[in-house]
Amino acid sequence: MKNTFKSLKKLMTFSLVATIAASAFTLATTTNHANAATEKTLALISEGKNYLGVPYKYGAPVGITYAFDCSSFTKFMFAGLDVNLPRTAAEQATVGKKVPKTELSTGDLVFFRTNGISISHVAIYAGSKKILHSSTSQGVTVSDMTSSYWSNKYVTARRVVN
């Protein structure tokens with residue numbers, strides 16, 4: 001009888017531990033992380049795509065729409081949401097709330113080190129591991145963040161729209 005009780009106790013303990021582990025795993029994989037994808041940020045991406053193909057011009061003045069550099073593009077786009085961003089990519093990387101790469105959401109600003117030294121490029125996260133940005137080679141375009149080029153240059157992300 002004692003052995004049966006000990007075996008039953010071990011089985012119940014094992015079952016309890018397995019249930020707790022399974023619950024923790026399920027909770028970790030289904031918990032909703034903060035998500036900035038809103039009607040505003042989805043509209044931001046949609047509006048930004050209207051500028052696809054607009055040429056890149058280093059130092060393009062903010063407010064013009066015939067050419068953009070990366071930060072004039074983000075500054076221009078977010079002004080439509082009443083968000084006043086600083087002028088450069090490095091300065092833009094200091095505003096808003098830091099977002100882990102695993103929790104990126106549509107409308108987040110994403111920063112890259114394209115010069116090998118410091119933050120030198122900014123883009124808007126467009127969802128599905130895509131970024132909307134003004135590229136030196138293609139002008140305003142959508143790129144895959146997981147490409148070898150962009151994934152190796154990723155630095156950080158910031159959320160500037162609630």
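User: Two strands pair if DSSP finds at least two bridges between them, while helices (H or I, at least four residues) and strands (E, at least two) are DSSP runs numbered from the N terminus. How many residues lie between β3 and β4 in their hairpin?

Analyst: This is a predicted model, in which local features need pLDDT of at least 70 and side-chain atom pairs count only at pLDDT 80 or more, whereas totals for chains, interfaces and linings use all residues. Residues are numbered from 1 along each chain as its sequence is written, and side-chain values use heavy atoms, with hydrogens and water left out. The strands β3 and β4 pair in the antiparallel sense over 3 bridges, with Ile-124 having Leu-132 of β4 as its bridge partner. In the turn of this hairpin, Ser-128 has a positive phi of about 50°, and the number of residues between the strands is 2.

User: What is the pattern of helices and strands along the sequence?

Analyst: The secondary structure of the protein comes to 5 helices and 6 strands. Read from one end of the sequence to the other, these elements follow the pattern α-α-α-α-β-β-β-β-β-α-β.

User: In what order do the strands of the open sheet stand?

Analyst: The edge positions belong to β1 (97-98) and β5 (139-144), each of which pairs on one side only. Inside the sheet, 4 bridges join β2 to β3 in an antiparallel arrangement, and there Phe-111 stands opposite Val-122 of β3. The open sheet has 6 strands with antiparallel pairing, and their order is β1-β6-β2-β3-β4-β5.

User: What angle does the direction of α3 make with that of β3?

Analyst: Next to the edge, β4 (residues 130-135) and β5 pair in the antiparallel sense over 6 bridges, and Ser-135 stands opposite Gly-139 in β5. Helix α2 (residues 39-48) packs on the sheet and touches β3 (121-127), β4 and β5, its direction making about 115° with that of β3. A contact here means heavy atoms within 4.5 Å, and axes are lines fitted to C-alpha atoms, for helices over the stretch in contact, with angles running from 0 to 180 degrees between N-to-C directions. Helix α3 also packs on the sheet, touching β2 (109-112), β3, β4 and β5, and the angle between its direction and that of β3 is about 50°.

User: What is the relative accessible area of Ala-157, and is this residue buried or exposed?

Analyst: Ala-157 is found in strand β6 (residues 154-159). Leaving aside neighbours within four places in sequence, Ala-157 is in contact with residues including Lys-97, Leu-109 and Phe-111, and its C-alpha lies 9.4 Å from that of Ala-123, 34 residues away in sequence. Buried means under 20% relative accessible area, exposed over 50%, and partly exposed in between (1.4 Å probe, protein chains only). Since its relative accessible area is 0%, Ala-157 is buried.

User: How many residues of β3 are buried?

Analyst: Of the 162 residues of the protein, 37% count as buried. Strand β3 is mostly covered, and of its 7 residues the number buried is 6.

User: Which helices each supply at least two residues of the lining of the largest pocket?

Analyst: On a 1 Å grid over the protein atoms alone, a pocket is an open set of points where a 1.4 Å probe fits, with protein on both sides within 12 Å along at least five of seven lines, and lining residues have an atom within 4 Å of a point. The lining of the largest pocket includes Cys-70, Ser-71, Ala-89 and Ala-90. The helices that each supply at least two lining residues are α3 (70-79) and α4 (89-92).
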